Amino acid sequence: MVNSQLPPTDLMTPEEAVAEYIREYRVGARDEMRSFADEPTLRTAIRRAALCLWPDGKRHSHQYRIPAFSLEQAEAHLQAIATKLERAADFAELHDLVEAELRSIHGIAALTVYDVVHRISAYLKRAPKRVYLHRGTRTGASVFGLRGRTVEPKRLPVAFSR
């Protein structure tokens with residue numbers, strides 16, 4: 001939400017950023033996660049998540065530049081560990097498993113790993129307990145002096161609790 005290209009006087013407040021997210025994105029994000037939760041099997045959820053597909057079969061905008069071959073490799077890697085994914089105790093363990101499988105695949109970086117985990121976690125009902133920092137979230141978190149791979153939600157401005 002915070003555009004690092006704007007002068008500091010033009011930055012949104014946390015309240016404004018949250019209000020914009022709610023207005024512009026929240027319903028769509030909930031619908032996307034619901035579509036993964038409603039997949040008929042873990043294998044179909046893994047397939048859509050790894051190939052970064054919307055229900056209509058189009059590729060998600062976060063991953064449209066990743067070569068199809070890389071996403072197909074990601075799917076194969078994750079299908080091979082489907083049982084481990086299903087047994088993951090929580091989102092953090094699921095994230096570690098997916099990251100270990102995908103980090104060596106060309107074109108797959110932290111944002112894609114997170115997005116794939118988030119989508120699979122919707123099917124497995126394993127919500128994250130921490131905020132994962134990657135790409136834009138890392139930039140936004142740095143405005144508040146937050147660094148690292150993850151952040152406790154309570155460290156964020158109170159506006160983000162909405």
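**Notebook: two positive phi values, one helix, one patch**

I started in the loop between α3 and α4, where I found Cys 52. A reminder to myself before going on: this is a predicted model. I looked up the backbone of Cys 52 and got a phi near 60 degrees, which is positive although the residue is not glycine. That caught my eye, since most residues other than glycine have a negative phi. Is Cys 52 buried or exposed? Its relative accessibility is 1%, so I noted Cys 52 as buried, the cut-off being under 20%.

Next I went to Arg 135, which sits in helix α8. Here too phi is positive in a residue other than glycine, near 40 degrees. Arg 135 has 61% relative accessibility, so I put it down as exposed, which takes over 50%.

I stayed with α8, which covers residues 135–143, to look at Val 143. I wrote down Val 143 as partly exposed, because its relative accessibility is 46%. With Phe 144 and Phe 160, Val 143 forms a nonpolar patch on the surface, and together they have about 240 Å² of accessible area.

Then I turned to α4, residues 68–80. How far apart are its end C-alpha atoms? They are 18 Å apart, and this agrees with the expected span, because 13 residues at 1.5 Å a residue should also span 18 Å. I listed the buried residues of α4 as Ser 70, Leu 71, Ala 74, Glu 75, Leu 78 and Gln 79. What covers them? I found that the cover includes α3 (42–51), α5 (82–87), α6 (91–102) and α7 (110–124).

Definitions and conventions:
Residues are numbered from 1 along each chain as its sequence is written. This is a predicted model: local features need pLDDT of at least 70, side-chain atom pairs count only at pLDDT 80 or more; totals for chains, interfaces and linings use all residues. Side-chain values use heavy atoms; hydrogens and water are left out. Patches are made of residues with over 30% relative accessible area and no salt bridge: like charges are joined within 9 Å, nonpolar side chains (Val, Leu, Ile, Met, Phe, Trp, Tyr) within 5 Å. Accessible areas come from the Shrake-Rupley method with a 1.4 Å probe; for residues, only the protein chains shown count as cover. A salt bridge is a side-chain nitrogen of Lys or Arg within 4 Å of a carboxyl oxygen of Asp or Glu. Helices (H or I, at least four residues) and strands (E, at least two) are DSSP runs, numbered from the N terminus. Buried means under 20% relative accessible area, exposed over 50%, partly exposed in between (1.4 Å probe, protein chains only). The expected span of a helix is 1.5 Å times one less than its number of residues. Contact means heavy atoms within 4.5 Å.
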